[in-house]
Amino acid sequence: MYGSDKAGDDAERTAFRKAEKKYKLYYEDNSKSSKKKKLPKQVDLSEVLDFKSISESYNQTGDLPPGIVAVNCGFDRPVFGLENHPGFYFIPGALTVEEQCQWIRESLTNFPQPPNRTNHNVIYGPLSNLFVAAKEGKILVEEKSDDCLDSKSSDIVSNGDAQRWKFYEEDIAKSRGKTCKSVSASVLLRKLRWSTLGLQFAWSKRNYDVSLPHNKIPDALGQLAKRMAQPAMPIGEEFRPEAAIVNYFALGDALGGHLDDMELDWSKPIVSMSLGCKAIFLLGGKSREDEPLAMFLRSGDVVLMAGEARECFHGVPRIFTDEENAEITPLELQFSHADDHCFLEYIRTSRININIRQVY
Ligand SMILES: O=C(O)CCC(=O)C(=O)O
């Protein structure tokens with residue numbers, strides 16, 4: 001979750017910060033020839049836990065590396081835990097490719113729709129249909145005074161009377177651009193970093209603001225979260241999906257080390273689903289001084305954090321968008337229809353994380 005990363009020199013020197021720096025994307029310094037394509041610096045990935053290969057060899061031999069345990073919970077696929085991190089569960093490949101594609105579509109089209117809020121709300125107010133606007137090459141224009149206004153505003157806008165920003169066709173936007181501020185919808189889509197579903201999280205207060213208008217978590221997402229939460233749930237209890245944060249990552253984006261401590265009952269897990277390009281996840285301890293474990297998160301993996309694991313620092317220092325490391329071939333095949341081109345184009349260079357929470 002954003003907004004909780006401790007800044008300053010002390011934080012810079014912790015074991016968690018060192019690991020973040022180790023895996024972060026840096027580029028080779030080829031600044032002398034500015035025309036050359038920027039090359040990512042090589043990073044040693046040999047210490048990154050790979051639950052996909054752990055799961056494959058466990059299925060074949062029943063063996064597990066030291067420190068990793070198989071959780072016996074009657075789930076329909078292997079669930080792994082970590083001896084030193086009670087309450088942390090990793091379910092490799094928990095989502096089918098069809099499910100992954102469904103949630104990528106939803107994350108781009110429906111989840112950022114008002115009343116759900118996104119990082120763009122602060123500047124532009126609620127924006128409807130950003131993904132469609134980006135697909136259609138539209139431009140968001142600020143309607144700041146009478147000379148910027150006419151009656152030909154785009155039909156896709158549903159921001160309400162008070163909003164000052166509206167999407168326009170490119171040619172109309174150009175004629176207004178001389179007097180009004182503007183930004184293309186595709187740039188805004190690239191800069192989409194989060195959307196919040198269900199009970200709305202207020203980042204500035206670092207708390208849930210129940211007074212903010214909100215819809216319930218979509219039923220299908222809630223059902224999926226209930227099913228996935230099961231290995232981490234106290235016996236006889238059912239997970240109540242009340243809020244979700246959707247994180248969108250482009251190449252170079254990272255989520256700094258943080259705690260998710262704003263929910264009342266930490267015995268209930270956070271259900272965290274990965275979609276799109278592969279990432280590195282860091283799971284630390286209760287202090288930033290504790291050295292974190294690094295692990296790969298692939299599209300379709302689900303992580304649960306409950307109990308003691310809720311008190312552990314965690315973050316995402318890196319996503320991979322290159323062909324060898326992104327590992328999104330199954331998504332490319334599933335999104336091969338022409339209608340899905342826009343989703344494929346987005347997810348080829350992006351990662352989406354949906355994390356679902358019981359707040360009370
Ligand atoms: O992107 C992820 O896998 C982790 C997300 C997360 O830690 C959060 O939103 O609090």
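A polar contact here is a pair of N or O atoms within 3.5 Å, where one atom must be able to donate a hydrogen and the other to accept it. In this predicted model, one such contact ties the side chains of D260 and H258 together, at 3.5 Å. That pair is a handy way into the structure, since both residues also carry an annotation. According to UniProt, in an unreviewed entry, a "binding site" takes in H258, D260 and H314. The three are spread over 57 residues of sequence, yet they cluster in space, with a largest C-alpha distance of 8.8 Å. H258, D260 and H314 also turn up in the lining of the largest cavity.

Taking the annotated residues one by one, D260 sits in the loop that runs between β12 (255–258) and β13 (270–276). Its relative accessible area is 4%, and because the cut-off for buried is under 20%, D260 counts as buried. H314, by contrast with that loop position, belongs to strand β17, which spans residues 314–319. H314 is buried as well, at 6% relative accessible area. What does H314 touch, once residues up to four places away in sequence are set aside? The list is F16, G256, G257, H258, L259, D260, F281, L282, L283 and M305. Both of the other annotated residues, H258 and D260, are on that list.

Zooming out, the protein holds twelve helices and 18 strands. Of its 360 residues, 51% are buried. The exposed surface comes to about 17,500 Å², and carbon and sulfur atoms supply 49% of it. Contacts reach far along the chain: among those between residues at least 6 apart in sequence, 75% join residues at least 24 apart.

Strand β8 (residues 194–198) gives a good look at the interior. Buried or exposed, how do its residues come out? Five of the five are buried, so β8 is largely enclosed by the rest of the structure. It has strand partners too. Strand β4 (residues 117–118) runs antiparallel to β8 and is joined to it by two bridges, with R117 paired to T196 of β8. Strand β11 (residues 243–250) is likewise antiparallel to β8, this time through five bridges. In that pairing, G198 has A243 of β11 as its bridge partner.

Just ahead of β11 comes E242, in the loop between α9 (219–229) and β11. At 19% relative accessibility, E242 is classed as buried, because the cut-off is under 20%. A polar atom of the E242 side chain lies 2.6 Å from the backbone nitrogen of V359. The wider surroundings of E242, leaving out residues up to four places away in sequence, include L197 and G198, both of which fall within the 194–198 range of β8. Also touching E242 are L199, I217, R357, Q358, V359 and Y360.

A few backbone details are worth flagging for anyone setting up a calculation. Most residues other than glycine have a negative phi, and most peptide bonds are trans. Where does the model depart from this? The peptide bond from P114 to P115 is cis, with omega near 10°. P115 is placed in the loop between α4 (97–109) and β4, the strand that pairs with β8. N129 is not a glycine, but it has a positive phi of about 60°. This residue is in the loop between α5 (121–124) and α6 (130–135), and at 24% relative accessibility it counts as partly exposed. R206, another non-glycine residue, also has a positive phi, of about 50°. R206 lies in the loop between β9 (201–202) and β10 (207–208), and its 17% relative accessibility makes it buried.

One more arginine rounds out the picture. R176 is part of helix α7 (residues 170–177). With a relative accessible area of 5%, R176 is buried. Its C-alpha atom is 7.9 Å from that of V141, a residue 35 places away along the chain.

Key:
Residues numbered from 1 in each chain as written. Predicted model: local features only at pLDDT ≥ 70, side-chain atom pairs only at ≥ 80, totals over all residues. Heavy atoms only, no water. UniProt positions renumbered as here; feature names shortened; annotations may be inferred. 1 Å grid on protein atoms, 1.4 Å probe; cavity = no way out; pocket = protein on both sides within 12 Å on 5 of 7 lines; lining within 4 Å. Helix = DSSP H or I, 4+ residues; strand = E, 2+ residues; numbered from the N terminus. Buried < 20%, exposed > 50% of the residue type's maximum accessible area, 1.4 Å probe, protein only. Contact = heavy atoms within 4.5 Å. Areas by Shrake-Rupley, 256 points an atom, 1.4 Å probe, with all protein chains shown as cover. Pairing = 2+ DSSP bridges.
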